[in-house]
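Let's walk through this model together, strand by strand. Keep the sequence and the coordinates open as you read.

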Amino acid sequence: LALTASFNPVAQIWRVDSGKCLHTLRGHQNSVHSAVFSPDGQRVITASQDKDAKVWSVETGDCLHTLSGHAGALHSAAFSPEGKLALTASDDHTAK
């Protein structure tokens, strides 16, 4: 699988072998700056200009959680090595 972020408010999960889009992850209100798979490949975390990160199911494409609280746009998000925690980095000069 491959994962893309976009200047549109979506991220997409793709099958590499066929080039088929499996899921378009909709829910952000502004550009998606980063999108990363969890270590187990079961979830995706996205970081957006809209100040939120979202956690998604790779299997269904559903949004599982919205992580809010930054005062500025998010530029990146990542899972911890075991996949139980998430880290976000923002224009507000904080990481959470």
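**Two sheets and what packs between residues**

A good place to start is a hairpin: strand 2 and strand 3 form it with six residues between them, and Gly19 in the turn has a positive phi of about 75 degrees. Strands here, like helices, are DSSP runs numbered from the N terminus (E, at least two residues, for strands; H or I, at least four, for helices). Before going further, bear in mind that this is a predicted model, where local features need pLDDT of at least 70, side-chain atom pairs count only at pLDDT 80 or more, and totals for chains, interfaces and linings use all residues. Residues are numbered from 1 along each chain as its sequence is written, and side-chain values use heavy atoms, with hydrogens and water left out.

Back to the hairpin. Its two strands, 2 and 3, pair in the antiparallel sense over five bridges; two strands count as paired if DSSP finds at least two bridges between them. Val10, for instance, has Arg26 in strand 3 as its bridge partner. Strand 1 joins in too, pairing with strand 2 in the antiparallel sense over four bridges, and there Ala2 has Trp14 in strand 2 as its bridge partner. Put together, that gives an open sheet of three strands in the order 1-2-3, with antiparallel pairing. Strand 1 (2-5) and strand 3 (21-26) are the edge strands, each pairing on one side only. From one strand to the next, the twist averages 15 degrees (axes are lines fitted to C-alpha atoms, for helices over the stretch in contact, with angles from 0 to 180 degrees between N-to-C directions).

Now for the other sheet. This open sheet has four strands in the order 4-5-6-7, again with antiparallel pairing. Strand 4 and strand 7 (63-67) sit at its edges and each pair on one side only, while the twist averages 20 degrees from one strand to the next. Strand 4 meets strand 5 (residues 43-48) through five bridges in the antiparallel sense, and Val32 stands opposite Ser48 in strand 5.

So what fills the inside? The largest nonpolar core has nine residues: Leu3, Ala11, Ile13, Leu25, Val32, Ala35, Val44, Trp56 and Val58. Such a core is a set of buried Ala, Val, Leu, Ile, Met, Phe, Trp, Tyr and Cys residues joined through side-chain atoms within 4.5 Å, where buried means under 20% relative accessible area, exposed over 50%, and partly exposed in between (1.4 Å probe, protein chains only). Strand 2 (10-14) and strand 4 (32-37) each supply at least two residues of this core. Apart from it lies another core, of seven residues, including Ala47, Ala53, Leu74 and Phe79. Leu25 is worth clicking on: leaving aside residues up to four places away in sequence, Leu25 touches Pro9, Val10, Ala11, Ile13, Val44, Trp56 and Gly61 (contact means heavy atoms within 4.5 Å).

What about charges? The structure holds one salt bridge, meaning a side-chain nitrogen of Lys or Arg within 4 Å of a carboxyl oxygen of Asp or Glu. Arg15 forms it with Asp17, the closest N and O atoms being 2.6 Å apart. Arg15 counts as partly exposed because its relative accessibility is 35%, and Asp17 counts as exposed at 60%.

Finally, the cysteines. The count of disulfides (cysteine sulfur atoms within 2.5 Å of each other) comes to zero. Why is Cys21 unbonded? Its closest cysteine sulfur, in Cys63, is 16 Å away, too far for a bond. Cys21 is partly exposed at 25% relative accessibility, and Cys63 is partly exposed at 36% relative accessible area.
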